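User: I've got a fold loaded and I'd like to go through the labels people put on it. Can you walk me through the reasoning behind each one?

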Amino acid sequence: MRSEPDGWQQDFIERVAQGNLPAPLSVDSELSDEQLFSLFHSQATSRFADLESRRLQRQGKSFYTIGSAGHEANAAIAAAIKLTDPAFLHYRSGAFFLQRAKQLEGSHPLYDLMLSFCASSEDPISGGRHKVLGSLSLNIPPQTSTIASHLPKAMGTAYAIGLSRRTEHDGTWPDDAIVVCNFGDASANHSTAVGAMNATGWASYQGMPMPILYVCEDNGIGISTRTPNGWTQHQLQSYTGIRYYFANGGDAIETYRVAQQAAEFIRRTGKPAVLHLKTQRFFGHAGADAEIAYRTKEDIEQAFETDVLLQTASQVIARSICSAQELSERLSRWQQQITRVAVDASSRPKLSCADDVMASIQPSSGCHTPLPDAPKPTKSVLAFDKRNWGKPQPLGKMINWALHEAMSRCKNALVFGEDVGKKGGVYHVTNQLFDQFGPNRVINTLLDEQSILGLAIGLAQQGFLPIPEIQFLAYVHNAEDQIRGEAATLPFFSNGQYHNGMVIRIAGLAYQKGFGGHFHNDNSFAVFRDIPGVVVMCPSNGYDAVLMMRQAIELAHVQKRVVIFLEPIALYMTRDLLEEGDNGWLNEFPPESTELPAFGEPGSYGSGDELTIITYGNGYYLSRQACAELSLKQRIRILDLRYLVPLNIDKVVAALGNSKHILIVDECRQRGSLSEELVTALHENLDELHIDRITAKDCFIPLGGAANTVLPQKADIIEYLKEQLSL
């Protein structure tokens, strides 16, 4: 039998007709004849669809050739679990997708697959944006191709299902659901996979329900790199708190039996398991991969003798479900049907304009669940802090009160992260939340930002409102793909059908005294600035922080947006503006009736037109100091951007008044900072501008007083103002 894609299909059909098949490894099982034949149909359809996609690709009509060939035993896993079990699938799961669809009457998964291969705008999951395996009705959230990056959110979903039971939360998926998440043996080595499995075991070890079945589909090779013999088994067995199962992926009956056992164990105990499924990979990694360059012909041909399709065909014939000739004839009819479907799908319309492509990442029109009414009066919500109520407070305390308010208002809101519980956070911003709302809503996590953000995605998909905390801005960088590649892309790849609204609190920026250095004074958030659809807010004072937190909660809850709430550490406890005891940076807590700022509108101080300072965060504080010391309130104005991403340049321009002389004070680095976007956008929108910048140096933040040598200082702003205004 030929091992090339073009020749294999006909050889396979002829071999079945001849009855030239391996002896069946299993015959008797709990699978009925109808179920076994259904599995074979899904397996063969998946294989034939992959080959059809390659033919279409050569005609310029299909755009994806990473197939499922050799992994079709995962159809048996789909048959062993419920339709209501959320499935996070990697890209070799075509047979799983086809088999699951048989649990939902009226599904047409083959046509859906072909629409996806051909990037048609009628593709029911992505709308033509990407080839993904996904479906809202089949409970399959679409996944990206980033290696193993779906495991943390699968872990988070498992935790969320367990939490739903404890809190009587009516979630997206039922209380008896288990999560299924598959990945390859090469991907099992990735930090996201290791982190997710570790977090799963960490939670399970403490008795937390973690109903998840990980499936490692081990074909023994990652593109061209062999997995060492025995490594995957040793690795998967090493995770504490996760039960290990093994099945031969060349035998669909065995796979079904073991998957059933694993699913029953998880549903009965709430504990996680991993199924090590030994598979093959046929026709290379993808269409352009000529595997003969790194595999011998004998090795490839020997692998085909263990093909799960040959084995399932043998089992079907051995049970006398149909004869070899009848099965061969059915295969020919299926092949012809797939070709007809492919021709139709390839002729369907494609996305043709940017507005249509971007529609799924634009703000929602508010079709989701409205935000609950605010609790009244706020004073009762903050009764825990009677000693301070009614008094002006610094930024950190105001954010704390805003979180108490949000948790009281939204019963599905959760705060979690490192040390946010009894300790109240390293800066006490989550102080007394644990006491007020308990361990199910204020959760100390393990020290792993990938798992924290994966947990947030999983919780959001289960209908919770996650408010994760990343302890320091520098710590987010080892987990940024959970925002960039996962949370931000979910509405894009699902055409807005799936969403994961959340508010990610991140303590960051520089100027922190006494506890500094780069990792606690990171002054770069450039990683967030080019992620489509994400919102980045940065309050500089407590009054704005409360209003913006209310707005962030609303954006996440109603519009299902991913909001990053960047909190300037150095201003958390800042009380004074000019001199000790002046309390110039304290604010009173705004009543619930206070109107929220217009989204994207900068705050403004001063009324002059001679010069405008545009800044944010610590830069706004320093600019206010400089303005006060020089008594310039009537001559200049200072704009506090507040909303950093997306930057609403129209609102910024409107706030400039008649000013044509602009100073941008940006505490981030000269290269890659928001100041670059501002300079460009202002010049594109206004003529005859004079623009200067004061920014941080292109340098990491050193420890101690040396930090001041690379960061903008009040003295720098004063010197500039004196020179430009002839003071």
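User: How many helices and strands are in the chain?

Analyst: This is a predicted model, and its chain has 25 helices and 19 strands.

User: What makes the chain as compact as a globular protein of that length?

Analyst: The radius of gyration is 29 Å, and the globule rule gives 27 Å for 727 residues. Those values are close, so the chain counts as compact in that sense. If you want the box, the C-alpha atoms fill roughly 95 × 55 × 45 Å along the principal axes. Of the 727 residues, 61% count as buried. Also, among contacts between residues at least 6 apart in sequence, 79% join residues at least 24 apart.

User: What about the surface and the charges?

Analyst: About 27,500 Å² is exposed, with carbon and sulfur atoms supplying 49% of that. On the charge side there are 64 positive and 80 negative side chains, and the centres of the two sets lie 3 Å apart.

User: Why is the pair arginine 642 and aspartate 544 called a salt bridge?

Analyst: The cut-off is 4 Å between a side-chain nitrogen of Lys or Arg and a carboxyl oxygen of Asp or Glu. Here the N to O distance is 3.4 Å, which is within 4 Å, so the pair qualifies. The structure holds 28 salt bridges.

User: What does that pair tie together?

Analyst: Arginine 642 sits in the loop between β16 (636-640) and β17 (643-645), while aspartate 544 belongs to helix α21 (residues 542-558), so the bridge ties together parts 98 residues apart in sequence.

User: How do you know whether those two are buried or exposed?

Analyst: Buried means under 20% relative accessible area. Arginine 642 comes in at 7% and aspartate 544 at 11%, so both are buried.

User: Why is aspartate 609 called partly exposed, and what is its salt-bridge partner?

Analyst: Partly exposed is the band between the under-20% and over-50% cut-offs, and aspartate 609 has 31%, so that label follows. Its partner is arginine 637, with the closest N and O atoms 2.7 Å apart. Aspartate 609 is in the loop between β14 (603-605) and β15 (611-615) and arginine 637 is in strand β16, 28 residues apart. Arginine 637 has 13%, so this partner is buried.

User: What makes arginine 671 exposed?

Analyst: Exposed takes over 50%, and arginine 671 has 62%, so it makes the cut. Arginine 671 forms a salt bridge with aspartate 698, the closest N and O atoms being 3.5 Å apart. Aspartate 698 is partly exposed at 40%.

User: Which residues are joined into one network by salt bridges that share partners?

Analyst: Arg226, Arg281, Asp289, Glu291, Arg295 and Asp299.

User: Why is helix α5 called mostly covered?

Analyst: Eight of the nine residues in α5 (residues 109-117) are buried. Among them are Leu110, Leu113, Met114 and Phe117. The cover includes α2 (33-58), α4 (94-101) and α12 (324-346).

User: What is unusual about alanine 119?

Analyst: Alanine 119 has a positive phi of about 55° although it is not a glycine. Most residues other than glycine have a negative phi. Alanine 119 comes just after α5, in the loop between α5 and α6 (151-167). At 23% it counts as partly exposed.

User: What about glutamine 432?

Analyst: Glutamine 432 has a positive phi too, about 65°. Its place is the loop between β8 (413-417) and α16 (433-437), and its accessibility of 26% makes it partly exposed.

User: How do you know what kind of peptide bond runs from valine 645 to proline 646?

Analyst: Omega is near -10°, and the bond is cis. Most peptide bonds are trans. Proline 646 is in the loop between β17 and α23 (649-655).

User: And why is asparagine 521 called buried?

Analyst: Its relative accessibility is 2%, and buried means under 20%, so the label holds. Asparagine 521 lies in the loop between β11 (502-508) and α20 (526-529). Asparagine 521 and proline 702 are 181 residues apart in sequence, yet their C-alpha atoms are 8.7 Å apart in space.

Definitions and conventions. Residues are numbered from 1 along each chain as its sequence is written. This is a predicted model: local features need pLDDT of at least 70, side-chain atom pairs count only at pLDDT 80 or more; totals for chains, interfaces and linings use all residues. Side-chain values use heavy atoms; hydrogens and water are left out. Helices (H or I, at least four residues) and strands (E, at least two) are DSSP runs, numbered from the N terminus. Buried means under 20% relative accessible area, exposed over 50%, partly exposed in between (1.4 Å probe, protein chains only). Contact means heavy atoms within 4.5 Å. The radius of gyration is taken over C-alpha atoms; the globule rule is 2.2 Å times the number of residues to the power 0.38. Accessible areas come from the Shrake-Rupley method with a 1.4 Å probe; for residues, only the protein chains shown count as cover. Lys and Arg count as positive and Asp and Glu as negative; His and the chain ends are not counted. The place of a charge is taken as NZ of Lys, CZ of Arg, CG of Asp or CD of Glu.
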